[in-house]
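Please walk through the structure shown here, beginning with its empty spaces and then turning to its surface, its charged pairs and its backbone.

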Amino acid sequence: MNKQLLSAAVSTALLAMAHGAHATNGDQMFAMSAAQAGMGGATVAQAQDAVTVLVNPAGMADLGITDVRMDLGFGLLNPPREVNGQTSDSDWYMMPTGAAVFNVNNRLFLGMGLGGISGMGVNVSDIYPGMAGNQPVVTTKQVFRFSPAAAFKVNDALTLGASLNIVNQSLSMSFVGGGGAQINLPQNQQFGFGATLGATYKINPKLQAGLTWVSKTDVSAMEYHTPTGTTRFDMDIPASVAFGLAFKPMPGLLVEADIKRIFYDDVMNRVVVTNPQSGMPPALAFGWDDQTVYSIGVKKDMGPMAISVGYNYGKSPIGAEDVNANLGSTAIVEHHLSLGLTRTFSDKVSGSFAYTHAFENELTSSVGPANTIKISQNQYNFSIAYKF
């Protein structure tokens, strides 16, 4: 039994390091800004701000700008979580975001955006309190993405967009491995590259469609130089595809519904470790499944104020049979409800705030030791926009 628990602890620590973000859809943030969060992440068809660069670059043509729009903001993520009843000591994380879009002419738009797409970690003093001694897991992860982008209006109905995705991933961890030895892998940073292709199409004055495809981000292998050599493994970021419909039944009212598929199985089913340290398995069988995410948002303009409500659902990519290999991730939240406010201060300046609550979800292993993971989530987003 102890060997089973320690083996699970090793997989747990590595996954916590690699996917400790506990973000709302698996390990990915469901929204990158306050305006997007207020719509429940349903922003593929109708751009809400310049941060559309990081979601659907074709949306840059729908911002109604004469010259430039800039959006700066940050988010605060509060994800209380437990592993076998033991709480993590780290419960607050900051997620900065910024983007700018430039109207080159009537058809061409250029932009760039930067945001934290994943981050945090865990800090649990003892994930197996029933065993002798402590089995701590302390991890840190930060993933930031920078995307230069372009959008081109083919005609009054169709706009095409594309971006280059440049990612910096930083990982570190400390955990108790097999045999009770403390394993420490210091902070390591690697770059990765991918791309996003997007399109929007105006079906009629009241209905618009959006489509976006994000390639897998190929991140260089994480390498940790240790006294026994270099431990190495790949931890790439999954591809995704999303489709949305935005409906404007009357002036000042927007309803959008999106569906998104995240291909976790390709990168998080089984991860091979080269030269594992003593106590580390040669392959990490995380067993993540692909995830389908549904989101819907409603936004109502009321003079200088706009109010939005959003709902987002994605079935956990972790099943009960995979809990013991994912004790450090707790990335199992499914239902999310958002409320957003936008206030226009002048012709050029506006500010936005959004609050999202991810309802508590608990999952107990169906095989081997009956370990339990649990998480809920609160997210606060703030941003300010300037356009002219």
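## Cavities, pocket and surface

Under the rule applied here, the count comes to 4 cavities of 30 Å³ or more, in what is a predicted model. Rolling a probe the size of a water molecule over the atoms shows where empty space is left. The largest cavity holds about 570 Å³ of space, and its lining is made up of 36 residues, with Q28, M29, L54, S240 and K260 lying nearest its centre. Several strands contribute to that lining, for β5 (108-120), β7 (137-153), β8 (158-176), β10 (207-214), β14 (240-250), β15 (253-262) and β18 each supply at least two residues. By class, the lining of the largest cavity divides into 15 nonpolar, 15 polar and 6 charged residues.

The second largest cavity has about 60 Å³ of space. Of the 13 residues that line the second largest cavity, K299, S308, G340, L341 and T342 are the closest to its centre. The elements that give two or more residues to this lining are α2 (34-38), β19, β20 and β21 (349-364), and the lining of the second largest cavity comprises 7 nonpolar, 5 polar and 1 charged residues.

Turning from enclosed space to open space, the largest pocket has a volume of about 710 Å³. There are 35 residues in the lining of the largest pocket, and those nearest its centre are Q48, R69, K299, D301 and K387. K299 thus appears in two settings, being among the residues closest to the centre of the second largest cavity and among those nearest the centre of the largest pocket. At least two residues of the pocket lining come from each of β1 (68-78), β14, β15, β18, β19, β20, β21 and β22 (372-387). Sorted by class, the lining of the largest pocket has 13 nonpolar, 12 polar and 10 charged residues.

Some of these strands also take part in a feature of the surface. A nonpolar patch is formed there by I296, M302, M305, I307, V309, Y311, L337, L339, L341 and F359, which together have about 810 Å² of accessible area. The elements that give two or more residues to the nonpolar patch are β18 (291-302), β19 (305-314) and β20 (335-344), and of the elements involved β19 gives the most, with 4 residues. V309, one of the patch residues, lies in strand β19, and V309 counts as partly exposed because its relative accessibility is 41%. L341 belongs to the nonpolar patch and is also among the residues closest to the centre of the second largest cavity.

The charged side chains offer another route through the model, in which the count comes to 7 salt bridges. In one of them, the side chains of D71 and R69 meet at 2.8 Å, N to O, and both D71 and R69 are buried. R69 is also one of the residues nearest the centre of the largest pocket. Another salt bridge joins the side chains of R232 and E223, likewise listed at 2.8 Å, N to O. R232 is partly exposed, since its relative accessible area is 29%, and E223 is partly exposed too, with a relative accessible area of 26%.

A further salt bridge brings together the side chains of D290 and R261, at 4.0 Å, N to O. D290 lies in the loop between β17 (283-284) and β18, whereas R261 lies in strand β15, so the pair ties together parts that are 29 residues apart in sequence. D290 counts as partly exposed because its relative accessible area is 28%, and R261 counts as partly exposed at 32% relative accessibility.

Which loop residues remain to be visited? N106 is found in the loop between β4 (93-103) and β5, and N106 is exposed, with a relative accessible area of 69%. From C-alpha to C-alpha, N106 and N204 are 20 Å apart in space, while in sequence they are 98 residues apart.

The backbone has its own points of interest. Most residues other than glycine have a negative phi. N84, although it is not a glycine, has a positive phi of about 50 degrees; N84 is in the loop between β2 (81-83) and β3 (86-87) and is partly exposed, with a relative accessible area of 23%. Phi of N275 is also positive, near 55 degrees. N275 sits in the loop between β16 (271-274) and β17, and N275 counts as partly exposed at 33% relative accessibility.

Terms used
Residues are numbered from 1 along each chain as its sequence is written. This is a predicted model: local features need pLDDT of at least 70, side-chain atom pairs count only at pLDDT 80 or more; totals for chains, interfaces and linings use all residues. Side-chain values use heavy atoms; hydrogens and water are left out. Patches are made of residues with over 30% relative accessible area and no salt bridge: like charges are joined within 9 Å, nonpolar side chains (Val, Leu, Ile, Met, Phe, Trp, Tyr) within 5 Å. Accessible areas come from the Shrake-Rupley method with a 1.4 Å probe; for residues, only the protein chains shown count as cover. Buried means under 20% relative accessible area, exposed over 50%, partly exposed in between (1.4 Å probe, protein chains only). On a 1 Å grid over the protein atoms alone, a cavity is a set of points where a 1.4 Å probe fits but cannot get out, and a pocket is an open set with protein on both sides within 12 Å along at least five of seven lines; lining residues have an atom within 4 Å of a point. Grid points are joined across faces, edges and corners, and a volume is the space filled by probe spheres set on the points. Ala, Val, Leu, Ile, Met, Phe, Trp, Tyr, Cys and Pro count as nonpolar, Asp, Glu, Lys and Arg as charged, and the others, Gly among them, as polar.
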